[in-house]
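Work through the exercises below with the sequence and the model open. Each task is followed by a solution in steps.

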Amino acid sequence: MDSERERNTRLCSIINVRVAPDEKLRLRADADAAGVSVSEVVRRRYFGKPLISKVDSAMIKELRRVGGLLKHVHNESDGAYSKQTASMLVQLSDLIKKLGSDIL
């Protein structure tokens, strides 16, 4: 949920939707991959919000941590490895963008 209002909104209304068996399997697989319910998959897709897999989300978090460590190396070495750290930070940034755009 994005805003404070959305976080405080109770999800209490139910909508029944008929789907084909293969569609149901696909929705369940996407929900399992993202670590959310099928209802959340449908809400996110309908309202244009991203649906990122648990694995990608964990990887993005780890890549950001590595980026922070590279920044620490750069700062502690007074920029002695600035060429290498800059190159690695660009690569990390590109990977994070790619993982963030690989929506289920």
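The exercises concern a predicted model and go from the overall fold to single residues.

**Exercise 1. Describe the secondary structure and the surface of the chain.**

Step 1. The chain holds five helices and zero strands, so the order of elements from the N terminus reads α-α-α-α-α.

Step 2. Of the 104 residues, 18% are buried. The cut-off for buried is under 20% relative accessible area.

Step 3. The accessible surface of the chain is about 8400 Å², and carbon and sulfur atoms contribute 56% of that surface.

Step 4. Among contacts with a separation of 6 or more, 42% join residues 24 or more positions apart.

**Exercise 2. Find the salt bridge between Asp30 and Arg45 and state which elements it connects.**

Step 1. The side chains of Asp30 and Arg45 form a salt bridge with an N to O distance of 2.4 Å.

Step 2. Asp30 belongs to helix H2 and Arg45 to helix H3 (residues 38–46), so the bridge ties together parts that are 15 residues apart in sequence.

Step 3. Compare the accessibility of the partners. Asp30, at 12%, is buried, whereas Arg45, at 35%, is partly exposed.

**Exercise 3. Place the salt bridges Arg43–Glu40 and Glu62–Arg65 on their helices.**

Step 1. Arg43 and Glu40 meet at 2.6 Å, N to O. They are about one helical turn from each other because they sit three residues apart in helix H3.

Step 2. Arg43 is partly exposed at 25% relative accessibility, while Glu40 is buried at 16%.

Step 3. A network of salt bridges links Glu40, Arg43 and Arg44.

Step 4. In the bridge of Glu62 with Arg65, the closest N and O atoms are 2.6 Å apart. Both residues lie in helix H4, three residues apart, about one turn of the helix.

Step 5. Glu62 is partly exposed at 34%, and Arg65 is partly exposed at 45%.

Step 6. The count of salt bridges comes to five.

**Exercise 4. Describe the surroundings of Thr85 in helix H5.**

Step 1. Helix H5 covers residues 82–101. Thr85 has a relative accessible area of 5%, so this residue counts as buried.

Step 2. The Thr85 side chain comes to 3.3 Å from the backbone oxygen of Ser82.

Step 3. Leaving aside residues up to four places away in sequence, Thr85 touches Leu70, Val73 and His74.

Step 4. Leu69, in helix H4 (residues 54–76), is 16 residues from Thr85 in sequence, and their C-alpha atoms are 9.9 Å apart. Leu69 is partly exposed, with a relative accessible area of 45%.

**Exercise 5. Locate Asp78 and describe its backbone.**

Step 1. Asp78 is in the loop between H4 and H5.

Step 2. Its phi is positive, about 55 degrees, although Asp78 is not a glycine.

Step 3. With a relative accessible area of 73%, Asp78 is exposed.

**Exercise 6. Which residues make the nonpolar surface patch, and how is the aromatic pair arranged?**

Step 1. Ile15, Val17 and Val19 make a nonpolar surface patch of about 310 Å². Ile15 lies in the loop between helix H1 (4–8) and helix H2 (21–34) and is exposed, at 73% relative accessibility.

Step 2. The whole structure contains one aromatic pair. Tyr46 and Phe47 form this pair, with ring centres 5.0 Å apart and 90 degrees between the planes.

Step 3. An angle over 60 degrees counts as edge-to-face, so the pair of Tyr46 and Phe47 is edge-to-face. Both Tyr46 and Phe47 are exposed.

Definitions and conventions: Residues numbered from 1 in each chain as written. Predicted model: local features only at pLDDT ≥ 70, side-chain atom pairs only at ≥ 80, totals over all residues. Heavy atoms only, no water. Helix = DSSP H or I, 4+ residues; strand = E, 2+ residues; numbered from the N terminus. Buried < 20%, exposed > 50% of the residue type's maximum accessible area, 1.4 Å probe, protein only. Contact = heavy atoms within 4.5 Å. Areas by Shrake-Rupley, 256 points an atom, 1.4 Å probe, with all protein chains shown as cover. Patch = residues over 30% accessible without salt bridge, like charges linked within 9 Å, V, L, I, M, F, W, Y side chains within 5 Å. Salt bridge = Lys/Arg side-chain N within 4 Å of Asp/Glu carboxyl O. Polar contact = N/O pair within 3.5 Å; in protein donor to acceptor, adjacent residues only side chain to side chain. Phe/Tyr/Trp six-rings, centres within 6.5 Å; stacked < 30°, edge-to-face > 60°.
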